[in-house]
Amino acid sequence: MWLITAGNTNDSVPAIALLSGRKSDYLIADKGYDTEAILKFAAENRQVAVIPPRFNRLVQRPSDKHLY
């Protein structure tokens with residue numbers, strides 16, 4: 001699936017639309033995808049989110065560095 005967005009659109013904005021309908025055990029992404037919406041999407045789809053937390057996140061959550 002392809003989704004064209006404006007050049008100033010953050011990659012995390014269309015991520016859920018691109019991931020919908022795909023099945024996997026893990027959702028592996030870089031820090032740019034560390035958003036509450038993506039984490040909620042992963043949890044609702046019973047996926048383990050392997051996304052390192054951004055440095056400015058108030059509550060740092062663990063991330064599997066080996067799997068990442």
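Helices and strands are DSSP runs, numbered from the N terminus. On that basis, the chain in this predicted model follows the pattern α-β-α-β along the sequence. Two helices and two strands are present. The C-alpha atoms fill a box of roughly 30 × 30 × 20 Å along the principal axes.

Burial was examined next. Of the 68 residues in the chain, 25% are buried. The exposed surface of the chain comes to about 5,400 Å². Carbon and sulfur atoms supply 57% of that area. Contacts between residues at least 6 apart in sequence were also sorted by separation. Of these, 14% join residues at least 24 apart.

The largest nonpolar core has seven residues. Its members are A15, L27, A29, I38, L39, A42 and I51. Helix α2 gives the largest share of this core, with three residues. One core member, I51, has contacts with L27, A29, I38 and L39, among others. Beyond those, I51 also touches D30, Y33, D34, R61 and S63. Residues up to four places away in sequence are left out of this list.

D34 lies in the loop between β1 (26-28) and α2 (36-44). The relative accessibility of D34 is 5%, under the 20% cut-off, so this residue counts as buried. Two polar contacts of the D34 side chain stand out here. One reaches the backbone nitrogen of R54 at 2.9 Å. The other joins the D34 side chain to that of R57 at 2.8 Å. R54 and R57 also appear among the residues that D34 touches. The remaining entries in that list are L39, I51, P52, P53 and R61. Here too, residues up to four places away in sequence are not counted. Two of the residues touched by D34, L39 and I51, belong to the largest nonpolar core.

The surface carries a nonpolar patch of about 460 Å². Y26, I28, V48, L67 and Y68 make up this patch. Y26 is found in strand β1. With a relative accessible area of 43%, Y26 falls between the 20% and 50% cut-offs and is therefore partly exposed. Strand β1 spans 26-28. I28 is a patch residue, whereas L27 is part of the largest nonpolar core.

Conventions. Residues are numbered from 1 along each chain as its sequence is written. This is a predicted model: local features need pLDDT of at least 70, side-chain atom pairs count only at pLDDT 80 or more; totals for chains, interfaces and linings use all residues. Side-chain values use heavy atoms; hydrogens and water are left out. Helices (H or I, at least four residues) and strands (E, at least two) are DSSP runs, numbered from the N terminus. Buried means under 20% relative accessible area, exposed over 50%, partly exposed in between (1.4 Å probe, protein chains only). A polar contact is a pair of N or O atoms within 3.5 Å; within protein, one must be able to donate a hydrogen and the other to accept it, and residues adjacent in sequence count only if both atoms are side-chain atoms. Contact means heavy atoms within 4.5 Å. Patches are made of residues with over 30% relative accessible area and no salt bridge: like charges are joined within 9 Å, nonpolar side chains (Val, Leu, Ile, Met, Phe, Trp, Tyr) within 5 Å. Accessible areas come from the Shrake-Rupley method with a 1.4 Å probe; for residues, only the protein chains shown count as cover. A salt bridge is a side-chain nitrogen of Lys or Arg within 4 Å of a carboxyl oxygen of Asp or Glu. A nonpolar core is a set of buried Ala, Val, Leu, Ile, Met, Phe, Trp, Tyr and Cys residues joined through side-chain atoms within 4.5 Å.
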